[in-house]
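Q: I am new to this structure. Please pick one part, look at it closely, and then place it in the wider picture.

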Amino acid sequence: MSPSGEGAVQDTAPVVFEADKDDGEWALSIGEERRRATQLQILNRLALVLNSEEDATRMLDQVLRGATQLLGARSGSLYLMADGRLQLEALSFVRGGSPGPDPRHQAVEVRALAVQAMAEARVIRLPAAGEPGAGDGALMAAPLVRSDGEVLGNFVMAGSSGACGFEAADEMMAGTLAAHVTVALQNRQRLEQEQQVAEYLQRAMLPRAAAIPGLELDVTYESASEAALVGGDFYDVIPVDATKTCLAVGDVCGKGLAAATEMAMVRHTVRAFASLGLRTGRWLTLCNQAAVADGEATDYITVALVLVDTSTRTLDYAMAG
C-alpha cells in the first residue's frame, strides 16, 4: 500500500551518509549530523502518522516503511500479538539500491529474534554473519512493551545499509520508535473498547419495534458514515394511553461513551413525564428543567416529540434544543 496525503511515508532509499575516507573526521562528523537530522525528520513524520491515521492497517504499513527507512534497513517485519499468538502483520522492502535479505527467506531466524526480544523486553541487534564489515545479514528487533510490562508485538529490521551493521544509535532510535508505536496501539485499543461499550449501551437503549393498534411504524437507524463513532442519537416509541403514542427523536452533542451515556439519561427523562398527559411543548420544558437542575446535561441536546392520537387521527408536536 502506498497511501497519499499529509504525513504519509513515501518509499525512498534508506538513510545512508558515508564520507570519503580522505575527508577525515570532519567529513565524518558532518555526515553523522546529516544522518541524525534526517532521522529526526522521519521520526516526526511517523509521529504524525501515528496520531492521524485512522485505518490501523495503513498506519502499521506506513510505520514499518518509515522504520525501515529510519534505520537504514533493507527490509522489515512487523509482528503483533493476537489471541496469544505472534502474527506477522506487515512486510517492507526498500526500493532501489543493493538488494538485501528477504525476511521471508529467513523467516525462522527473524521470528526467533522477535520472540527473544519480546521475552527479554529489550532491543536486540545481531551483527552480520560472515565477512567483517558486511551489514546485509545484520538483524535488529525492537519489542512494543506497555508500561505495565505487557508486550504487544515487535518489529524486526533485516540487512543494514551501513558497512558495520546496526549500531548503538540505531538501537536507541528503534527503541524510541517502538515506544511511540506502543502508545499509539494502546490508544487505539482503548478507543475501540470505548466504542464497543458505547455501541452496546446505545443499542440497548433503543426500543424494539412493537405493534401499536392503528399505527404503523418503520424505523431506519444508521451512521452517516461507516467510520463515524457511536454518538448520542436516539429515538423512542412511548405508549401514553390506549390511543396516544409519543414518538421521540433526539441527539446529544458529541461522540463516544460520554455522549451515549448522556443520551440514556435524556431518554429516561423524556419517558419519566409520559404518564402526566402533557402537551408536547410542556413536556419538553419539564425535561429541560430537570436536566438543568440535575446538572447532568453538559452538552447541547436536541429533541423532537410527536404525540400521535389514533382515535382522532391528530398530531401534537414540539421541538427543542
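A: What follows begins with one strand and then moves out to the rest of the chain.

The model is a predicted one. The part to look at is strand β5, which covers residues 151-160. How many of its residues are buried? The count is 10 of the 10. β5 is therefore largely enclosed by the rest of the structure.

Now look at the strands that pair with β5. One is strand β1, residues 73-82. β1 and β5 run antiparallel, and seven bridges join them. To find the pairing on screen, start at Ser77. Its opposite residue in β5 is Val156.

Another partner is strand β4, residues 139-145. This pairing is antiparallel too, over seven bridges. Here Val145 faces Val151 of β5. β4 and β5 form a hairpin with five residues between the strands. Gly149 in this hairpin has a positive phi, near 95°.

One residue shows the setting of β5 well. Ala158 is part of this strand. Is Ala158 buried or exposed? The cut-off for buried is under 20% relative accessible area. Ala158 has 1% relative accessibility, so it counts as buried. Its C-alpha atom lies 6.0 Å from that of Arg74. Along the chain, Ala158 and Arg74 are 84 residues apart.

Step back to the whole protein. It has 321 residues, of which 41% are buried. Its secondary structure consists of six helices and nine strands. Take the contacts with a separation of 6 or more. Of these, 63% join residues 24 or more positions apart. The accessible surface is about 18,200 Å². Carbon and sulfur atoms hold 52% of that surface.

Next, go to the far end of the chain. Four strands form an open sheet there, in the order β6-β7-β8-β9 and with antiparallel pairing. Which strands are at the edges of this sheet? They are β6, residues 234-239, and β9, residues 314-320, and each pairs on one side only. On average, neighbouring strands of the sheet are turned by 15° against each other, direction ignored.

Inside the sheet, strand β7 spans residues 244-252 and strand β8 spans 301-309. Nine bridges join β7 to β8, and the two run antiparallel. Asp251 is a handy marker. Its bridge partner in β8 is Thr302.

Helix α5, residues 256-272, packs on this sheet. α5 touches β6, β7 and β8, and its direction makes about 20° with that of β6. The helix has 17 residues. From first C-alpha to last, α5 reaches 25 Å, close to the 24 Å expected at 1.5 Å a residue. Several residues of α5 are buried, among them Gly256, Ala260, Met263, Met265, Val266 and Val270. Glu262 and Arg267 of α5 are buried as well.

Helix α6, residues 280-294, lies across β7, β8 and β9. α6 runs at about 30° to β9.

What about the cysteines? A disulfide is a covalent bond between the sulfur atoms of two cysteines. The count of disulfides in this model is zero. Cys246 is in none, and the nearest cysteine sulfur, that of Cys287, is 9.1 Å away. Cys246 has a relative accessible area of 0%, so this residue is buried. Cys253 contrasts with that. At 46% relative accessibility, Cys253 counts as partly exposed.

Finish in two loops. Asp83 sits in the loop between β1 and β2, where β2 is residues 85-93. Asp83 is not a glycine, yet it has a positive phi of about 55°. With a relative accessible area of 80%, Asp83 is exposed. Arg313 belongs to the loop between β8 and β9. Arg313 is not a glycine either, and its phi is positive, at about 55°. Its relative accessibility is 75%, so Arg313 counts as exposed.

Now return to β5. Its 10 residues are buried, while β1 pairs with it through seven bridges and β4 also does so over seven.

Note on methods. Residues are numbered from 1 along each chain as its sequence is written. This is a predicted model: local features need pLDDT of at least 70, side-chain atom pairs count only at pLDDT 80 or more; totals for chains, interfaces and linings use all residues. Side-chain values use heavy atoms; hydrogens and water are left out. Buried means under 20% relative accessible area, exposed over 50%, partly exposed in between (1.4 Å probe, protein chains only). Two strands pair if DSSP finds at least two bridges between them. Contact means heavy atoms within 4.5 Å. Accessible areas come from the Shrake-Rupley method with a 1.4 Å probe; for residues, only the protein chains shown count as cover. A disulfide is a pair of cysteine sulfur atoms within 2.5 Å. Axes are lines fitted to C-alpha atoms, for helices over the stretch in contact, and angles run from 0 to 180 degrees between N-to-C directions. The expected span of a helix is 1.5 Å times one less than its number of residues.
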